[in-house]
Amino acid sequence: MCGRYAASRRPEDLAGIFEIEKWEPEETLDADYNVAPTKEVHAVLSRPLKDADDPRPVRQLRTLKWGLVPSWSKTPEGGARMINARAETVHEKPSYRRAFAARRCILPTDGYYEWVTGKQERDLEVEGKKKRPRKQPYFVTPADGSVFAMAGLYEFWRDRTLSDDHPLAWWVTCSVITTEAETTPLAVAPEEGPHSLAEIHPRMPLMLTPDRWDAWLDPSRTDPEDLRGLLAPPPPGLMRAYPVTTAVSNVRNNGPELLKELAAPEEGTLF
């Protein structure tokens, strides 16, 4: 799954990486090293500009809320639960299928966090001696330092309790697509701990390599069967993972220190 990630790249850098044609400075977000559900996030998408005469899709950097609210939903309350969409079923689930066909985006990140329950903690849990095992967070990121482009969906939701001219009348929300985690060895693995992504968690965000960006963002591609070919996992061996401080487990903590690699898992959380 993907429940927390880091996004520190500046909009101007993202504009160069993704060949952005349009972004609004007032929508610029500060670097966020602990992005959690319901937060605002940067997303890359292609669609015609509002009120423009030219119907051509324009690649934009937009600010969305993480936690998809389907257009037909009566309230936005379920958005916090709809942060991930499974690649295996995204084409058929009522909450995601229309967005999958017409509203796909890329969520640019540094990488994502995932938590592993330490072996000693798991043993105690099995023995019934500990109810809440302490988990060690790992940061998963491209081994070459490139941007982690997560496949995403976005949707529009109209708040009918507000007038048309109200600035909050429309919500634009998003979800991360996830796939089965790789079982092949990591490009760089910690000395102590997991040696594949599957050993960390059975799911992972679907990373799109640059050769798939144009096709994924192309709004003219709407055939679900055609699009399903874009959901194939990336080539193996592109990722590294390393232990980070358990401070990231508290969403109130935020800063580059959360990405600092630990020499070994923290005491009590040994893999």
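This section describes backbone geometry, two strand residues and salt bridges in a predicted model.

Two residues in loops were examined for their backbone angles. Most residues other than glycine have a negative phi. Glu19, although not a glycine, has a positive phi of about 55°. This residue is located in the loop that connects α1 (11-17) with β2 (22-23). The relative accessible area of Glu19 is 59%, and Glu19 is therefore classed as exposed, the cut-off for that class being over 50%. A positive phi, here of about 80°, is also found at Thr38, again a residue that is not a glycine. Thr38 is placed in the loop between β3 (32-35) and β4 (40-47). With a relative accessibility of 41%, Thr38 counts as partly exposed.

Attention then turned to residues within strands. Arg158 belongs to strand β10, which comprises residues 148-158. Its relative accessibility is 9%, so Arg158 counts as buried, a class that requires a value under 20%. The side chain of Arg158 is engaged in a polar contact with the side chain of Asp164, at 2.4 Å. When neighbours within four places in sequence are set aside, the residues in contact with Arg158 are Ser163, Asp164, Ala169 and Trp170. Asp164 thus appears both as the partner in the polar contact and in the list of residues that Arg158 touches.

Cys105 is found in strand β7, formed by residues 104-109. The relative accessible area of Cys105 is 0%, and this residue is buried. Apart from neighbours within four places in sequence, Cys105 is in contact with Ala43, Val44 and Leu45, with Met150, Ala151, Gly152, Leu153 and Tyr154, and with Trp216 and Leu217. Among these contacts, Ala43, Val44 and Leu45 fall within the residue range of β4 (40-47), while Met150, Ala151, Gly152, Leu153 and Tyr154 fall within that of β10 (residues 148-158). The separation between Cys105 and Leu238 was also computed: these residues are 133 positions apart in sequence, and their C-alpha atoms are 21 Å apart in space.

A search of the whole structure identified 13 salt bridges. One of them links Arg221 to Asp226, with the closest N and O atoms 2.9 Å apart. Both partners are classed as partly exposed, Arg221 with a relative accessible area of 24% and Asp226 with a relative accessibility of 34%. Other salt bridges share partners, and through them Arg10, Glu12 and Asp13 are joined into one network. Within this network, the side chains of Arg10 and Glu12 form a salt bridge at 3.8 Å, N to O. The side chain of Arg10 also meets that of Asp13 in a salt bridge, for which the N to O distance is 3.2 Å. Arg10 is accordingly the partner named in both of these pairs. As for accessibility, Arg10 is partly exposed at 48% relative accessible area. Glu12 is likewise partly exposed, with a value of 41%, and Asp13 is placed in the partly exposed class at 32%. Glu12 and Asp13 also lie within the residue range of α1 (11-17), the helix that precedes the loop containing Glu19.

Note on methods: Residues are numbered from 1 along each chain as its sequence is written. This is a predicted model: local features need pLDDT of at least 70, side-chain atom pairs count only at pLDDT 80 or more; totals for chains, interfaces and linings use all residues. Side-chain values use heavy atoms; hydrogens and water are left out. Helices (H or I, at least four residues) and strands (E, at least two) are DSSP runs, numbered from the N terminus. Buried means under 20% relative accessible area, exposed over 50%, partly exposed in between (1.4 Å probe, protein chains only). A polar contact is a pair of N or O atoms within 3.5 Å; within protein, one must be able to donate a hydrogen and the other to accept it, and residues adjacent in sequence count only if both atoms are side-chain atoms. Contact means heavy atoms within 4.5 Å. A salt bridge is a side-chain nitrogen of Lys or Arg within 4 Å of a carboxyl oxygen of Asp or Glu.
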